[in-house]
Amino acid sequence: MCIRDRWWILTHRNYANPGISLYNETTSTIELELDLPENLESPHALEFDGESLWVGGDGQNESIYQLNPENGAIISEIKNIKTEGIALLNEYLFYSKDKTIIKIERKGTLVEEISTKNSSYKIPDIAIDGNNLYYLRYSEKEPVIKLGLSNKKESKISLAESTGTYCLTISNDEIITINPFNEIIHFDQKTGEFISNNPTIIKGWITAISPYVIE
């Protein structure tokens, strides 16, 4: 179950206040701050499965790290993966690689490579809800693509009042993004209609957001 308005937020190492924060959107407070893995060069990808945080990066020789959400300790590492987006579904982990979605087992074994039809340049973030994967592309009018994991059918989602959409997650029937001003933007998942725009107190460059989930 996703807890409404509580988020794990990733900020890049090369800017102000790098790390992973547990952020309460309702109270505009940071409830917990975690350090990044020492060897994570360019942090861009984050997901929380209710038990562990998963974080990855876009630098050279990167890994995907499984972290303890209480103290940031490394639980496991999947080496040699460069990515800007991570999503989890059951025992599988999905990550973006240029214009492709890669599906692997959580220990790193390759399961499937999914080619995308509507991506541009490279995919900056992904999210999964049910049997659908959502990915971002560089487009102001239709930045989100919905991809069926079973039939691989893609459809475009227009987001009203979308400005510089970079991060993506799905929570409580909403598409959640972050704009360049570090504001959390809520859109209706089905229609893309604008719901709300909430500034954060997060400094630096936010590169990923994931719902706080409890099993």
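Asn179 sits in the loop that links strand S17 (174-178) to strand S18 (183-188). Please keep in mind that this is a predicted model. Besides Asn179, this briefing visits another loop residue, Arg137, found between strand S13 (132-136) and strand S14 (144-148), and then a sheet of 4 strands in which S13 and S14 take part.

**The loop residue Asn179**

- Asn179 counts as buried because its relative accessibility is 10%, and the cut-off for buried is under 20%.
- The side chain of Asn179 makes a polar contact of 2.6 Å with the side chain of Glu183.
- Asn131 is 48 residues away from Asn179 along the chain, and 27 Å separate the C-alpha atoms of the two residues.

**The loop residue Arg137**

- With a relative accessible area of 13%, Arg137 is buried.
- From its place in the loop between S13 and S14, Arg137 extends its side chain to the backbone oxygen of Glu142, at a distance of 2.8 Å.
- Glu142 is also listed among the residues that Arg137 touches, once residues up to four places away in sequence are set aside.
- The other residues on that list are Asn118, Ser119, Ser120, Pro124, Pro143, Ile145 and Lys156.

**The sheet of 4 strands**

- Here the strands run in the order S12-S13-S14-S15, forming an open sheet with antiparallel pairing.
- At the edges are strand S12 (126-129) and strand S15 (154-157), each of which pairs on one side only.
- On average, neighbouring strands of this sheet are turned by 25° against each other, ignoring direction.
- As general background, strands of a sheet pair through backbone hydrogen bonds, in either a parallel or an antiparallel way.

**A closer look at S14 and S15**

- The pairing between S14 and S15 is antiparallel and spans 4 bridges.
- Together, S14 and S15 form a hairpin, with 5 residues between the two strands.
- Lys152, in the turn of this hairpin, has a positive phi of about 60°.
- Two residue pairs help you find your way: Lys146 has Ser155 in S15 as its bridge partner, while Ile145 stands opposite Lys156 in S15.
- Ile145 and Lys156 also lead back to the loop between S13 and S14, as Arg137 touches both of them.

Conventions: Residues are numbered from 1 along each chain as its sequence is written. This is a predicted model: local features need pLDDT of at least 70, side-chain atom pairs count only at pLDDT 80 or more; totals for chains, interfaces and linings use all residues. Side-chain values use heavy atoms; hydrogens and water are left out. Buried means under 20% relative accessible area, exposed over 50%, partly exposed in between (1.4 Å probe, protein chains only). A polar contact is a pair of N or O atoms within 3.5 Å; within protein, one must be able to donate a hydrogen and the other to accept it, and residues adjacent in sequence count only if both atoms are side-chain atoms. Contact means heavy atoms within 4.5 Å. Two strands pair if DSSP finds at least two bridges between them. Axes are lines fitted to C-alpha atoms, for helices over the stretch in contact, and angles run from 0 to 180 degrees between N-to-C directions.
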